[in-house]
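I opened the notebook to record two lookups, one on a strand and its partners, one on a single histidine. The entries follow the order in which I checked them.

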Amino acid sequence: MPMTKRPSLSTGMIVLSLLVSAAKGQQNPQAGGNATGPPHAAVYDAEKRPITAGGFVASGLVVFEDVTQAAGLGKWQHVMGTPQKKYILETDGSGVGLIDYDNDGWLDIYLVNGSTYKALEGKELAPHAALFHNNHDGTFTDVTASAGVANDRWGFGVAIADYDNDGWPDIFVANFGKNRLFHNNHDGTFTDVAEKAGVTLGNWSDGATWGDYDGDGRLDLFVSGYLHYDVKNQPLAGDGTAPRAFCQLRGAPVMCGPRGLPGEPDHLFHNNGDGTFTDVSVKAGVSDPGNYYGFTTVFADVNNDGKVDLLVANDSSPNYLYVNKGDGTFEDQSYVSGFALNKDGREIASMGLAVGDTRNKGFLDLLVTDFSDDYKVLYRNNGDLNFSDVSDQVGIAQIPVPFLGWGAGLVDYDNDGWKDIFMVNGHVYPEVDQHDWGTTYAQRPLLFHSLKGEKFEYVPPVKGSGLAVVTPGRGAAFGDLFNDGKIDVVINPIDGPAVLLKNVSQNQHHWVELRLVGGPKGPRDAVGATIYLVANGIRQREDVLSGGSFISTNDPRAHFGLGDAADAGTAEIHWPSGLKETVRLPAVDRIYTLTEGKGITGALCGGKACAVK
């Protein structure tokens, strides 16, 4: 059953009690199933539709357009188990990876797929993942078969990066069963090298992130574990295999878990530089001895010391924040930092995780999506490794409560220089459509416009626009798919076709994007780099990250909105190698390539190569 809301406790009491629980390896369960908040009153629109699938307005700001069919993505279908969703394995959905796999300067799309029980038994062909090549004209072509990246396993997360520093991005896929590591062969094809690399694992891996945690110039791999799961003995509501309270929502029977089920530990793989990896989870202090239910994870420098730290959004259990000590180990600062819990002192059902500097103060804030009947949390980074839950303060707490959030983005959709909030939503229980709870299985996304980072203003969905698309969303990735300087969204729903939302905002604001190429002492794709851009009177921050949103990977290029400024400003790049470099950008509305130690080495204008000055 959903928990009853507790009174707020002092920070000291919370930290003390929960540190004791963590030390004992307990999961401190407080509610059944995924729910972590108390039941809320149903919310309906003027036409008596649940607000999660309604609330449309006849006119207003149109930001996104659904171009799925026109782009050629409509024929591919995500499949995960059965439509009835009797078991938790069938409910969590899969991620999206944005990747320029052929180095032509245009983002391609990788969509992870699930599977079916018959496919696991070898009785039918497995649904395949999809790699869509960007044709540079607004359309995409499915090249999965020729590229060799079908996966054909029960897939969840995807993390993209150039792990072997050969200049070509590779694809890691987290599966139920053995994971895949698709190495880019530089000719449009990939080879699965996971067995040789030693990163297959074998139970339920969910999210993943790449980052050079030890500063040796090679990207290491962190993989979150969700449940330790036996597909031959799946818990079913009412059969006694899981506590009854963990198989209910508002008293109605639903699929069981994750609470009441055994979690799966996390794994950190050190890159040996020879194509193999070594599991250093315990040695590094990030093995997850409590076996929390790990979802989205990101390597990012949250304390601005030049070393990537590690964030893990855990479902129905406290979140992790591991601080990089610089000696190959991490210190667990989850509770002390304030990231483990929300402001009420309780864990949430964390799904998605977005990382970004919302106030242009130079510090990374953290947006975490959550279950329905609970608010979604914006953790403000106060600059001293202390995070505050400011969801109420900034105005995003109330509206998302009926929604069940997954993919999350802190992106500047209108290029005004301030990061906005985008949430992708969809329920896990089809049964909600049978009850008068004010929520639905398929749900629409949510967009909040930043008012200079201090408040966020809800953007109503105009009927027929991209914000009015109702789908059971899961994974999502954010990036400039059309090389026009506007951030688009790719959504991977559960049991449905992908959704491509093209940014059609009519603002005339300027922008720049930076593609970084690392030098010999750091990762070639510069994952882990931090870029500060001083322009238009503000100092923005972007980080090159692998992982995030909901078990997905966004555009690796740093995107900066410039407002009405005609001056592109000056970029200060903090490379993973430790080098700091300042580069004056000569013009707005360009995608620049910056090579470590060499400055600007290329530019795209309107998607085509142009002079760098």
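How many bridges join strand S21 to S22, and do they run parallel or antiparallel? I noted first that the model is predicted. I then found 3 bridges between S21 (residues 365-368) and S22, with the strands antiparallel. I looked up one pairing: Leu366 has Tyr379 of S22 as its bridge partner.

Next I checked S23 (residues 387-389). S22 is joined to S23 by 3 bridges, and these strands also run antiparallel. Here Phe387 of S23 stands opposite Asn381. I read S22 and S23 as a hairpin with 5 residues between them. In the turn, Gly383 has a positive phi of about 95°.

Then I looked at burial in S22. The strand spans residues 377-381, and 5 of its 5 residues are buried. I sorted the side chains by direction: Val377, Tyr379 and Asn381 point one way, Leu378 and Arg380 the other way. Such alternation between the two faces of the sheet is what side chains do in a regular strand. Both sets are buried here.

Last entry: His427. I located His427 in the loop between strand S25 (420-425) and strand S26 (446-451). Why does His427 count as buried? Its relative accessibility is 1%, and the cut-off for buried is under 20%. I listed its contacts beyond four places in sequence, including Leu249, Phe371, Leu404, Tyr441 and Arg474. Ser372 is also one of the residues His427 touches. The side chains of His427 and Ser372 are joined by a polar contact of 3.0 Å.

Technical notes:
Residues numbered from 1 in each chain as written. Predicted model: local features only at pLDDT ≥ 70, side-chain atom pairs only at ≥ 80, totals over all residues. Heavy atoms only, no water. Helix = DSSP H or I, 4+ residues; strand = E, 2+ residues; numbered from the N terminus. Buried < 20%, exposed > 50% of the residue type's maximum accessible area, 1.4 Å probe, protein only. Polar contact = N/O pair within 3.5 Å; in protein donor to acceptor, adjacent residues only side chain to side chain. Contact = heavy atoms within 4.5 Å. Pairing = 2+ DSSP bridges.
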